[in-house]
Structures are given as structure tokens and as C-alpha cells.
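Here are some notes to read alongside the model. They begin with one residue and work outwards to the whole chain.

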Amino acid sequence: MSPKMGFVLVIFLLCSSGALASDPDPVQDFCIPNTEILHSNFHQCKNASAATVDDFVFSGIKNPGKKLGKSDFLAMPVNAGVFPGLNTLGMSFVRADFGPGGINVPHFHPRATETAFVLEGKIYSGFVDSTNRVFAKVIEKGEVMVFPKGLLHFQMNVGDSPATILGSFDSQNPGLVKIPNAVFGSEIEEELLEKAFGLSSKEIGKMRKKFGTQHKG
Ligand SMILES: *[C@@H]1O[C@H](CO)[C@@H](O)[C@H](O)[C@H]1NC(C)=O
């Protein structure tokens with residue numbers, strides 16, 4: 001092979017492995033975390049003979065999750081932390097409940113694509129691509145929308161009654177970055193925020209108070 005061909009091949013392999021990046025494949029049938037032993041941030045697996053059917057069943061999403069702050073939005077993330085059977089399987093999900101008018105603020109998941117299936121209600125639902133083009137519409141019970149990995153997305157209950165969605169992620173640890181909190185609730189230097197948003201020190205202070213750590217959510 002010529003050096004040039006080799007170079008092209010390496011670039012191709014780098015690109016294709018990037019495009020296919022996902023959680024690692026499991027190396028055993030399942031791995032119920034042994035919560036007593038934490039090994040450099042990963043739990044070891046319990047002896048498989050100690051696993052029971054209840055490790056593979058999660059009943060906690062029969063009911064809505066916790067109410068976050070004042071917003072009429074409740075989220076219950078379901079990951080290996082609460083549902084041990086999911087560990088190492090490369091997926092997780094979330095139940096989200098919205099009161100009428102309730103919103104899920106613009107946010108993104110750095111490590112996962114999400115499909116959001118509407119179980120109940122009418123939800124204005126959308127995402128923004130990397131050219132700032134928005135793809136959004138109202139979807140109803142029985143419909144599903146996909147939010148591509150890493151892209152900003154948002155939802156709002158536009159019906160008169162409560163709405164519920166089931167979001168599914170192709171990662172066991174999708175991550176969650178809420179834009180208002182990441183920008184105003186973190187400790188970015190105030191001068192930079194003033195310049196970036198054309199806001200006064202007083203206005204930035206207001207945003208910080210609203211989205212600061214004590215009001216996360
Ligand atoms: C797992 O449990 C089985 C049955 O109790 C036992 O025979 C086996 O040695 C255990 N394996 C390990 C790695 O501890």
C-alpha cells in the first residue's frame with residue numbers, strides 16, 4: 001500500500017469509528033453492580049448467581065418523578081443507579097411529566113441520541129441543529145420524536161391537561177446539560193457573560209440568582 005493510501009485509510013477508520021461511537025459492548029450477559037465495591041468510579045459486577053429477576057424489573061416509573069423547582073415539570077431519570085439490570089447495556093431512559101404549560105428547558109445530552117415517545121398529551125417538541133435551524137412541531141399521544149445526539153432540544157405541554165413522555169437514550173449515561181444552568185448557574189466570569197449577552201451586571205445577577213446552584217432544575 002502506498003503511504004498516501006495508508007493515510008486515507010487511517011482517516012477513513014478514524015471517521016467511521018467516530019460515527020459509530022457508542023457505549024462499549026458488554027462482555028458478559030449482564031452486570032448487576034456490586035454497590036459495596038466502587039472500583040475507580042465503576043462498580044464491579046455481583047456474582048451472576050446472586051442476580052434475581054427483580055434486578056431486571058423497574059417499577060419506579062409507574063408514577064411521576066420529583067418536581068424540580070417551581071416549574072410544572074417532573075423528571076425521573078432511569079439509569080443503572082436506580083435500575084441495576086441496565087448496567088453495561090448501553091441504554092437508559094427517563095419519564096417526564098408536564099403540567100399544562102410546563103416546559104423542559106433547552107438542554108442537550110452529550111453522549112446520547114434520544115427518542116421521546118408521547119404517552120399522554122400534546123407537546124411542542126423540537127431541536128436545533130448546528131446551523132441554528134430549528135425542527136419543531138406539536139406531537140401527540142402515540143407519536144415519537146428523535147433528538148440527535150448532542151443537539152439542543154426542548155419541550156412544552158401545549159394541551160389543557162397533563163402530558164407525559166418516555167425518553168429513551170442509546171447510552172447508559174447520556175449526561176444532561178441544561179442551557180440556563182450551564183450558562184448562568186455556573187461560575188463563568190461575569191464580565192464574559194455581560195459581553196456575550198449584552199446584559200448589565202444587574203441583569204446577569206438576576207439570571208445567576210434564578211439559575212444558580214441553589215435553584216438547579
Ligand atoms: C459465584 O457464585 C457461585 C455459587 O455460589 C460460586 O460457585 C462461584 O465460585 C462464585 N464466583 C465467584 C467469582 O465468586
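1. Start with glutamate 114. Setting aside residues up to four places away in sequence, glutamate 114 touches His109, Phe147, Gly167, Ser168 and Phe169. Note that this is a predicted model, and read every contact below in that light. Glutamate 114 sits in strand E7, which covers residues 114-120.

2. Is glutamate 114 buried or exposed? It has 23 C-beta neighbours inside 10 Å, and therefore it counts as buried. The cut-off for this label is 20 or more other C-beta atoms within that distance.

3. Glutamate 114 also appears in a database record. UniProt, in an unreviewed entry, places the feature "binding site" at His107, His109, Glu114 and His153. These positions are spread over 47 residues of sequence, yet they cluster in space, with a largest C-alpha distance of 11.9 Å.

4. Histidine 153, another position in that record, belongs to strand E11. Histidine 153 has 23 other C-beta atoms within 10 Å, so it is buried. Residues up to four places away in sequence again left out, histidine 153 touches His107, Phe108, Gly126, Phe127 and Phe147. Phe147 is also on the contact list of glutamate 114.

5. What stands opposite histidine 153 in the sheet? The residue is phenylalanine 127. Strand E8 (residues 122-128) and strand E11 (residues 152-157) run antiparallel and are joined by six bridges.

6. E8 and E11 belong to an open sheet of five strands, ordered E9-E8-E11-E6-E13, with antiparallel pairing. At its edges are strand E9 (134-140) and strand E13 (177-178); each has a single partner strand, so one side of each is left without a neighbour in the sheet.

7. Strand E7, where glutamate 114 is placed, is part of another open sheet. This one has six strands in the order E3-E4-E5-E12-E7-E10, and the pairing is antiparallel. Strand E3 (66-67) and E10 stand at its edges with a single partner strand each, so each has one side without a neighbour in the sheet. E3 pairs with E4 in the antiparallel sense over two bridges. The bridge partner of lysine 66 is alanine 75, in E4.

8. Next, the nonpolar core. In soluble globular proteins, nonpolar side chains tend to be buried together. Here the largest nonpolar core has 17 residues, and Ala96, Phe98, Ile123 and Ile165 touch the most other members. Strand E4 (73-78), strand E5 (92-98), E7, strand E10 (144-147) and strand E12 (163-169) each supply at least two residues of this core. E5 gives the largest share, four residues.

9. Isoleucine 123 shows how one core residue meets several parts of the chain. Apart from neighbours within four places in sequence, isoleucine 123 is in contact with ten residues' worth of partners listed here in part, including Phe98, Val118, Val138, Gln155, Met156, Ala163 and Ile165.

10. Helix H3 makes a contrast with the core. Of its eight residues (190-197), the number buried is zero, so H3 lies largely in the open. Just after H3, glycine 198 takes a positive phi of about 65°.

11. Finally, the whole chain. It holds four helices and 13 strands. Of its 217 residues, 20% are buried. Among contacts between residues at least 6 apart in sequence, 67% join residues at least 24 apart.

Terms used
Residues numbered from 1 in each chain as written. Predicted model: local features only at pLDDT ≥ 70, side-chain atom pairs only at ≥ 80, totals over all residues. Buried ≥ 20, exposed ≤ 12 C-beta atoms within 10 Å, placed from the backbone. Pairing = 2+ DSSP bridges. UniProt positions renumbered as here; feature names shortened; annotations may be inferred. Contact = placed C-beta atoms within 7 Å. Core = buried A, V, L, I, M, F, W, Y, C linked by C-beta atoms within 7 Å.
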